[in-house]
Amino acid sequence: MKNILLVSAALFFMGQGTYLAFNGWFFRPDKVITVRFREVPPVIKFAGDVGVYYRGYKVGKATSQQLSSDQQYILFTLDITYRDLKLPVNTKIILKTQDLFGDRYFDLVYPEDPAPEMIAHGDVIDGTAVFERVDKYLVEDLETGKLGELVANLNYITGGVRAV
């Protein structure tokens, strides 16, 4: 019994050590930035599942969310793991919804007129926008029976336009 406990403890500590080594030493983020938004929809799945993408390539992940000290903003901490990623400070950072299940991700969009200064470790950047999928609301309306009412209203409006 004592040997089983010792082996279990040893395996546990080896697993924890491996986890910390890979997440703390080998995969240390190149830069950590904070993105602030005035308002965002609920981010249901957050435990490291919110990716950060640039041109469709995963360059990091969001590691935390919290209210600002003045409670005016929602702050997201983004760990950028891609080495030497050069993005101007006016890069658009958009929180998007990926699918019907509400999975979210951050999209970094290179600006058309880039600023000369680059995003650096510790910068606080204003989030540009939050995009929701429209079909999410259509499903909610379908479930509550409001979709038929919406279609009837659209038919009435478009029929009224044709009559004028």
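# Strands, core and ring pairs

Trainee: Which strand holds Tyr 54?

Mentor: This is a predicted model, where local features need pLDDT of at least 70, side-chain atom pairs count only at pLDDT 80 or more, and totals for chains, interfaces and linings use all residues. Residues are numbered from 1 along each chain as its sequence is written, and side-chain values use heavy atoms, with hydrogens and water left out. Strands are DSSP E runs of at least two residues, and helices are H or I runs of at least four, both numbered from the N terminus. By that numbering, the strand with Tyr 54 is S2.

Trainee: Is Tyr 54 buried or exposed?

Mentor: Relative accessible area decides: buried is under 20%, exposed is over 50%, and partly exposed is in between (1.4 Å probe, protein chains only). Tyr 54 comes out at 14%, so the residue counts as buried.

Trainee: Which residues does Tyr 54 contact, leaving aside neighbours within four places in sequence?

Mentor: Contact means heavy atoms within 4.5 Å. One partner is Tyr 110, which sits 56 residues away in sequence but 8.3 Å away in space, C-alpha to C-alpha. The full list is Val 59, Leu 85, Leu 87, Leu 108 and Tyr 110.

Trainee: In what order do the elements of the chain run from the N terminus?

Mentor: Start with the tally: three helices and eight strands. Now lay them out along the chain. The order is α-β-β-β-β-β-β-β-β-α-α.

Trainee: What share of contacts between residues at least 6 apart joins residues at least 24 apart?

Mentor: Take the chain's contacts and keep those between residues at least 6 apart in sequence. Then ask which of these join residues at least 24 apart. The share is 66%.

Trainee: What percentage of the chain's residues is buried?

Mentor: The chain has 164 residues. The buried part of them is 27%.

Trainee: Which members of the largest nonpolar core touch the most other members?

Mentor: A nonpolar core is a set of buried Ala, Val, Leu, Ile, Met, Phe, Trp, Tyr and Cys residues joined through side-chain atoms within 4.5 Å. The largest core here has 21 residues. Those touching the most others are Phe 37, Val 52, Phe 76, Leu 78, Ile 93, Phe 106 and Leu 108.

Trainee: Which element gives the largest share of this core?

Mentor: Six strands give two or more residues each: S1 (31-37), S2 (51-54), S3 (57-67), S4 (74-80), S5 (92-97) and S6 (104-109). One of them gives four residues, the largest share. That strand is S4.

Trainee: Which residues does Leu 78 contact, leaving aside neighbours within four places in sequence?

Mentor: Leu 78 is among the core members that touch the most others. Its contacts are Lys 31, Val 32, Ile 33, Val 35, Val 52, Lys 61, Ala 62, Ile 93 and Phe 106.

Trainee: How many aromatic pairs are there?

Mentor: Rings of Phe, Tyr and Trp (its six-membered ring) pair if their centres lie within 6.5 Å. Planes under 30 degrees apart are stacked, over 60 edge-to-face, the rest tilted. The count is five.

Trainee: What kind of pair do Phe 37 and Phe 76 form?

Mentor: Phe 37 is in strand S1 and Phe 76 in strand S4, 39 residues apart. Phe 37 is buried at 3%, and Phe 76 is buried at 0%. Their centres are 6.0 Å apart and their planes 80°, making the pair edge-to-face.

Trainee: Which two strands does the pair of Tyr 53 and Tyr 105 tie together?

Mentor: The ring centres are 5.7 Å apart with planes at 90°, so this pair is edge-to-face. Tyr 53 is partly exposed at 25%, whereas Tyr 105 is buried at 19%. The two residues are 52 apart in sequence, so the pair ties together distant stretches of chain: S2 and S6.

Trainee: Which residues form one aromatic cluster?

Mentor: Two of them are the edge-to-face partners Phe 37 and Phe 76. With the third member, the cluster is Phe 37, Phe 76 and Phe 106.

Trainee: Where is Arg 55, with its positive phi?

Mentor: Most residues other than glycine have a negative phi. Arg 55 has phi near 55° and is exposed at 65%. Its place is the loop between S2 and S3.

Trainee: Where is Asp 84 found?

Mentor: Asp 84 has a positive phi, near 55°. At 55% relative accessibility, Asp 84 is exposed. The residue lies in the loop between S4 and S5.
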